[in-house]
Amino acid sequence: GGGGAASMTLGEVQTATARRWERVWISLMAVLLALLVGAIVILWAGRNPLLAYYALWNASFGSWRGFGEALVSITPLIFTGLSVAFAFRTGLFNIGAEGQLIMGQMGAAVAGYALTGLPAIIHVPLALIIGALVGAIWAGIPGFLKARLGAHEVINTIMMNYIALYFTHYLVVGPLKGHSYLPVTKQVLDSAKLWRFIPPTRANIGFFVALLMAAVIYFILWRTTLGYECRAVGLNADAAEYAGINVSRNLVFSMMISGALAGMGGAVQVLGVQHRFYDLFGFTGYGFDGIAVALLGNNHPLGVIAGASLFGILARGSQNMQSMAQVPKEVIGIVQAAVVLFITADYLMRKLLHWRQRAGRQTADAMGKSVGRDGK
């Protein structure tokens with residue numbers, strides 16, 4: 001009996017490992033197919049796809065300057081990708097990472113210039129925490145509405161994006177406007193700025209903060225009781241509640257953790273790159289790209305890092321591709337859309353295959369019962 005249980009456990013582990021590798025290969029194939037689609041579009045436009053992709057690669061890896069700026073593009077995508085992925089893992093669709101990132105930017109900007117007399121070792125972490133806290137509060141509102149009233153988080157988080165956009169616009173042209181004719185806040189103090197480690201680029205330690213947050217999210221999801229409860233609610237809220245898990249509390253906690261990640265991403269942008277809040281009358285796009293990053297990374301922290309790296313490199317290289325190969329930068333948008341399309345199509349195909357297999361088993365069972373009755 002014990003040997004059978006052990007062999008069953010081993011089989012389950014092998015099956016889970018095989019499925020993980022299957023998802024990895026599916027993501028890689030989606031990227032390759034998307035690049036192929038991009039090459040076809042470039043050929044159709046009468047340009048050389050090899051030259052275009054060389055320019056794309058060279059923009060990020062042709063020099064230290066390019067590499068540093070690529071890290072700047074990758075960093076916010078890691079944060080928003082983690083934000084969306086964590087929500088997905090817990091059964092929530094956080095479409096509001098964009099608004100949470102904007103609010104995190106504003107919170108960090110105010111903390112960066114208003115908190116004076118602090119040493120950098122205190123000021124930097126405090127400003128980052130305040131940005132994350134503002135993002136968490138902003139995401140907690142639709143989480144609370146979901147838990148208490150059943151209001152769907154997709155609609156609420158989308159609406160919260162626009163509220164964040166217009167609210168910060170009011171602040172930056174009104175009470176929080178800095179000493180400039182532009183709609184910006186005051187510049188953050190030197191004690192709140194993140195260290196830039198590849199001068200003269202804007203690459204800063206926020207990249208390592210993003211990697212640290214990926215490790216923290218992995219630990220929370222798979223090594224803590226809170227993570228287990230959040231994943232259980234995501235898999236089946238009714239079963240989780242029957243097992244004694246407080247579903248409402250975990251919904252709110254999940255949204256707040258998700259919002260804190262996006263808010264910290266906004267804080268890193270302000271403290272490490274912009275050094276002030278700029279009026280974002282028009283979305284940055286990082287929050288929405290985070291959805292694609294999470295899908296490509298299969299909602300796993302390591303996958304999110306890989307997906308963010310791909311999308312960051314594509315974004316960084318689009319301008320270089322246009323100047324060197326005379327290929328419109330919109331081709332990169334086509335490639336990104338194709339990645340999402342192929343990932344989504346794969347999920348649909350696997351779902352159809354699962355339904356077909358289940359229908360086949362049901363047919364086989366029905367035939368077996370019929371043969372059994374005839375035999376009797």
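**Entry 1. Salt bridges**

I count a salt bridge where a side-chain nitrogen of Lys or Arg lies within 4 Å of a carboxyl oxygen of Asp or Glu. The model I searched is a predicted one. By this criterion I find four salt bridges in the structure. Side chains of opposite charge can pair when their charged atoms come close.

I looked at the pair Glu 69 and Arg 202, whose side chains meet at 2.8 Å, N to O. I place Glu 69 in helix H3 and Arg 202 in the loop between helix H6 (153-173) and H7, so this salt bridge ties together parts that are 133 residues apart in sequence. I then checked the cover of each partner. Glu 69 has a relative accessibility of 9% and counts as buried, whereas Arg 202, at 35%, counts as partly exposed.

I next took Glu 153 and Lys 146, where the closest N and O atoms of the salt bridge are 3.1 Å apart. Glu 153 is buried, at 2% relative accessible area, and Lys 146 is partly exposed, at 23%.

I also noted the salt bridge of Lys 193 with Asp 190, with 3.0 Å between the closest N and O atoms. Lys 193 is partly exposed, its relative accessible area being 22%. Asp 190 is exposed, with a value of 61%.

**Entry 2. Chain and elements**

I listed the elements of the chain and obtained 13 helices and zero strands. Of the 376 residues, 45% count as buried.

Which residues of helix H11 are buried? In H11 (residues 286-296), I find Gly 287, Gly 290, Ile 291, Ala 292, Val 293, Ala 294 and Leu 296 buried.

**Entry 3. Backbone angles**

I searched the backbone for unusual angles. Most residues other than glycine have a negative phi, and most peptide bonds are trans.

I record a cis peptide bond from Pro 199 to Pro 200, with omega near 5°. Pro 200 lies in the loop between H6 and H7, and I note that Arg 202 of the first salt bridge is in the loop between H6 and H7 as well.

His 275 is not a glycine, yet its phi is positive, near 65°. I locate His 275 in the loop between H10 and H11. Is His 275 buried or exposed? His 275 is buried, because its relative accessible area is 13% and the limit for a buried residue is under 20%.

After H11, I find Asn 298 with a positive phi near 55°. Asn 299 likewise has a positive phi, of about 60°, although it is not a glycine. I assign Asn 299 to the loop between H11 and H12. At 18% relative accessibility, Asn 299 counts as buried.

**Entry 4. Cavities**

Rolling a probe the size of a water molecule over the atoms shows where empty space is left. I find two cavities of 30 Å³ or more in the structure.

The largest cavity has a volume of about 40 Å³. Its lining consists of Leu 71, Val 72, Thr 75, Ala 203, Asn 204, Phe 207, Val 268, Gln 269 and Val 273. Helix H3 (64-89) and helix H10 (247-274) are the elements that give two or more residues to this lining. By class, I record six nonpolar, three polar and no charged residues around the largest cavity.

The second largest cavity has a volume of about 30 Å³. I list Leu 82, Ala 85, Phe 86, Ile 217, Leu 221, Asn 299, His 300, Pro 301 and Val 304 as its lining. Asn 299, noted above for its positive phi, is one of these lining residues. Which element gives the largest share of this lining? That element is H3, with three residues. H3, helix H7 (206-223) and helix H12 (301-325) each supply at least two residues. The classes here are seven nonpolar, two polar and no charged residues.

**Entry 5. Nonpolar surface**

Finally, I turned to the surface. I find a nonpolar patch of about 460 Å², made by Met 29, Leu 32, Leu 33, Leu 36 and Ile 40. I checked Leu 33 in particular, which lies in helix H1 (residues 2-44). Why can Leu 33 be part of a patch although it is only partly exposed, at 34%? Patch residues need over 30% relative accessible area, and Leu 33 qualifies because its value is 34%.

Technical notes:
Residues are numbered from 1 along each chain as its sequence is written. This is a predicted model: local features need pLDDT of at least 70, side-chain atom pairs count only at pLDDT 80 or more; totals for chains, interfaces and linings use all residues. Side-chain values use heavy atoms; hydrogens and water are left out. Patches are made of residues with over 30% relative accessible area and no salt bridge: like charges are joined within 9 Å, nonpolar side chains (Val, Leu, Ile, Met, Phe, Trp, Tyr) within 5 Å. Accessible areas come from the Shrake-Rupley method with a 1.4 Å probe; for residues, only the protein chains shown count as cover. Helices (H or I, at least four residues) and strands (E, at least two) are DSSP runs, numbered from the N terminus. Buried means under 20% relative accessible area, exposed over 50%, partly exposed in between (1.4 Å probe, protein chains only). On a 1 Å grid over the protein atoms alone, a cavity is a set of points where a 1.4 Å probe fits but cannot get out, and a pocket is an open set with protein on both sides within 12 Å along at least five of seven lines; lining residues have an atom within 4 Å of a point. Grid points are joined across faces, edges and corners, and a volume is the space filled by probe spheres set on the points. Ala, Val, Leu, Ile, Met, Phe, Trp, Tyr, Cys and Pro count as nonpolar, Asp, Glu, Lys and Arg as charged, and the others, Gly among them, as polar.
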